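Please open the model in your viewer and keep the sequence panel beside it. The stops below say what to select next and what is to be found there.

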Amino acid sequence: MNLRNILVTSALTIIFLNGCEYTPTGTNHREIIIEEPSISININNAVEEIYVWGTKQMDYSFSLENRSLELVEFYLGDDLIYTSGQAQGSFFFNSKQYPSATYLFSIFGYANSGTGSLADIFGAEKLIFELAIPCIIDNEPPAPIEFVDISVSNNQLSLMWNKYNGGPFMRYRLMRGKNVGTSYMSETEIATLGNPMDTVFIDPSYLGGDAYYRIILVTENGPGMGDFFHFQTAKPGFLDTQDIYLSAIELRWNACTFEQNFGRYTLYRDGDKIFETTDMLDTVVIDNSAQFGDEIEYILETKPEVLGSPIFSVLDTIEKFIGVRTENLSKLVYNESLGSFYTYSYGELRRLEAGTFQTLASLPIESEAAYFCFGISPNGEIAYLLRFWQDQGYLLKVDPLSLSVEEIFTTNSLLGYNGRGMNNGISVSNTNSIAFPSFRETNNQNWGAGVVLLDMNDPVWYETFNQGYATIATISGDGQYLIAYESLYSIGDHTRTLIANLGGPGIFRDDGSQLIVINANNISVYQSSGFLNIREIATPELLRYPMMDPATGYLGGHCRENEKYLIYNLDSGVRLFEIPVQSFGRYSLYHSNLYCNNFYLPLPDSEND
């Protein structure tokens, strides 16, 4: 039961006056009724009942109107707990010796009668008085206080609860919690109220979202721990649009509605602060530092004006990226004639439709991923793959549409050594000739055995020639020219003739009628026949991993130092696109899209877009 002190006026319940009158003829005893005196008794200012908890100081006083108190006894039930001869005083009562319950608190006392008679003078007359009042002993912790209403009014969150009517009240502690895990709640005190009449609180830290509140009622008997009450409204959070971003990412979020509580927005990009404002309506940011191929985590933190503990900040997270997300298209090869992509991952070669990425055919095939290579002729009629499995190299001819295996060769049977391909893949001509850079596997000797040139027509002819650590081997679509590392060759009837040292990576255009050479600060366009220079295009630095998009004829390359991917129109020499990319990563330009990992970036249809 809850305790409190209440004002009270004591009641005189029994008054007796015993007297004797002297006569010459002897002794005559009789009871004399006198007019009831006015006597007031005060015990802890109690009215109707006394509340006691713990060790309580009991204050008492008696007003007896010129009478002298002789003795007063205090009882709890039948137990005498205190005796005094003073009309005013106090004593300490340890209520914890008794179970919490309602008892009868009794006072018994007497004083001289105050009649002025000889009997009164000689102490033969006594005024006896007695008081009985309920005494409630309560040493139990209080019952919890729960909220009766939590609501938003005038853009502020109001908490309301019923007043605590027990005793001994000390304070209300208002707690706000936050889910830290599935079974743990972290909480912080947001207010302490020492008046039991205070039953409304406006939370100046609430900004929206999830919040958990409870009241801890503190009394001298211990705390009453209320349960958490969950409250939720819309919070400031990102608007997840489906926009496709080409060069920058736009971030929007809904504004905070608790204007009086709002402090600031802070926007983080992969943990780094990129924006901050105290304007509640400033809810749009353009991130021009985003790079294609990078999935970025943005965190919006909305902070209150007061109570700046991080627990009261409202957080929202979103992942954004330039381009479109797709599956991880590793080892990607594109063929314009078939409108198909070919990709190898997790032991499976798949043919995909270029527009939808729908799987059209697949071939389960095991290989060490680093040495798996696939190539297809520009006309889409001939395809080969290299695999290396259990220390053995294989060359397989496959159907470009169904991916069914048509022929299998060991590299040892073809080349005379256990060769392996490299990541750059196989180059296949429309004339059934293939070329690829190859490792020679002979006790780790003669690494970079160089370029393999194979004529797969009957009879099969091959040539291997050392180009140092060769990383490029490309045969033209018509089968007449070969680029081996940085050298250009013409190919005749099982012959190879050096035409020129290119001084940089080379790419064939169309079926081989033109040759593109990439140097440190320029792109050179040549006519393959006669090695005639047609055009020079300046570049800011060396374009790494240059690629020709067979769908558009555009040339793209990676500028690592500037962290840009540049795309050029080779006919006009105009730089069409400058796309921010990461300094690392491999990028592929196919089918009017730029690819990297599991993202692709659709390029505008024309130079004016």
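Helices (H or I, at least four residues) and strands (E, at least two) are taken here as DSSP runs, numbered from the N terminus. With that rule the chain has 2 helices and 53 strands. The model is a predicted one, in which local features need pLDDT of at least 70 and side-chain atom pairs count only at pLDDT 80 or more, while totals for chains, interfaces and linings use all residues. Residues are numbered from 1 along each chain as its sequence is written, and side-chain values use heavy atoms, with hydrogens and water left out.

**The whole chain**

Begin with everything selected and coloured by accessibility, where buried means under 20% relative accessible area, exposed over 50%, and partly exposed in between (1.4 Å probe, protein chains only). Of the 609 residues in the chain, 48% are buried. Contact means heavy atoms within 4.5 Å, and among the contacts in the chain with a separation of 6 or more, 53% are between residues 24 or more positions apart.

**The nonpolar cores**

A nonpolar core is a set of buried Ala, Val, Leu, Ile, Met, Phe, Trp, Tyr and Cys residues joined through side-chain atoms within 4.5 Å. Select Trp-161, Phe-292 and Ile-579, which touch the most other members of the largest such core, a set of 71 residues. The strand β16 gives the most to this core, with 4 residues. Apart from it lies another core, of 24 residues, which includes Ile-50, Leu-64, Phe-91 and Cys-135.

**Trp-161 and Glu-146**

Return to Trp-161 and show what surrounds it: leaving aside neighbours within four places in sequence, Trp-161 is in contact with residues including Glu-146, Phe-147, Tyr-172, Phe-201 and Ile-215. Glu-146 is the next residue to select, and it is found in the loop between β10 (126–137) and β11 (147–153). Its relative accessibility is 35%, so Glu-146 counts as partly exposed. Beyond its neighbours within four places in sequence, Glu-146 is in contact with Trp-161, Asn-162, Gly-226 and Asp-227. A distance drawn between the C-alpha atoms of Glu-146 and Ile-215 should read 6.8 Å, although 69 residues separate the two along the chain.

**The second largest pocket**

On a 1 Å grid over the protein atoms alone, a cavity is a set of points where a 1.4 Å probe fits but cannot get out, and a pocket is an open set with protein on both sides within 12 Å along at least five of seven lines; lining residues have an atom within 4 Å of a point. Grid points are joined across faces, edges and corners, and a volume is the space filled by probe spheres set on the points. The second largest pocket holds about 300 Å³ of space. Select Lys-178, Asp-210, Ser-313, Val-314 and Leu-315, the closest to its centre of the 16 residues that line the second largest pocket. At least two lining residues come from each of β13 (169–179), β16 (209–219) and β24 (314–320).

Why is the second largest pocket said to lie between domain 2 (147–232) and domain 3 (234–322)? Both domains give residues to its lining, so it lies between them; the domain bounds come from an automatic or database domain assignment. For colouring by class, Ala, Val, Leu, Ile, Met, Phe, Trp, Tyr, Cys and Pro count as nonpolar, Asp, Glu, Lys and Arg as charged, and the others, Gly among them, as polar. On that scheme the pocket lining divides into 6 nonpolar, 6 polar and 4 charged residues.

**The second largest cavity**

The count of cavities of 30 Å³ or more comes to 2, and the second largest has a volume of about 30 Å³. Select Leu-386, Leu-395, Thr-411, Leu-414, Leu-415, Phe-436 and Leu-454, which line this cavity. Helix α2 (residues 411–415) supplies the largest share of the lining, 3 residues. By class, the cavity lining has 6 nonpolar, 1 polar and no charged residues.

**Two loop residues with positive phi**

Most residues other than glycine have a negative phi. Asp-510, however, has a positive phi of about 60° although it is not a glycine, and it is found in the loop between β43 (506–509) and β44 (514–518). Asp-510 is exposed, with a relative accessible area of 60%. Finish at His-591, in the loop between β51 (588–590) and β52 (593–596), where phi is near 50°, again a positive value in a residue other than glycine. At 28% relative accessibility, His-591 counts as partly exposed.
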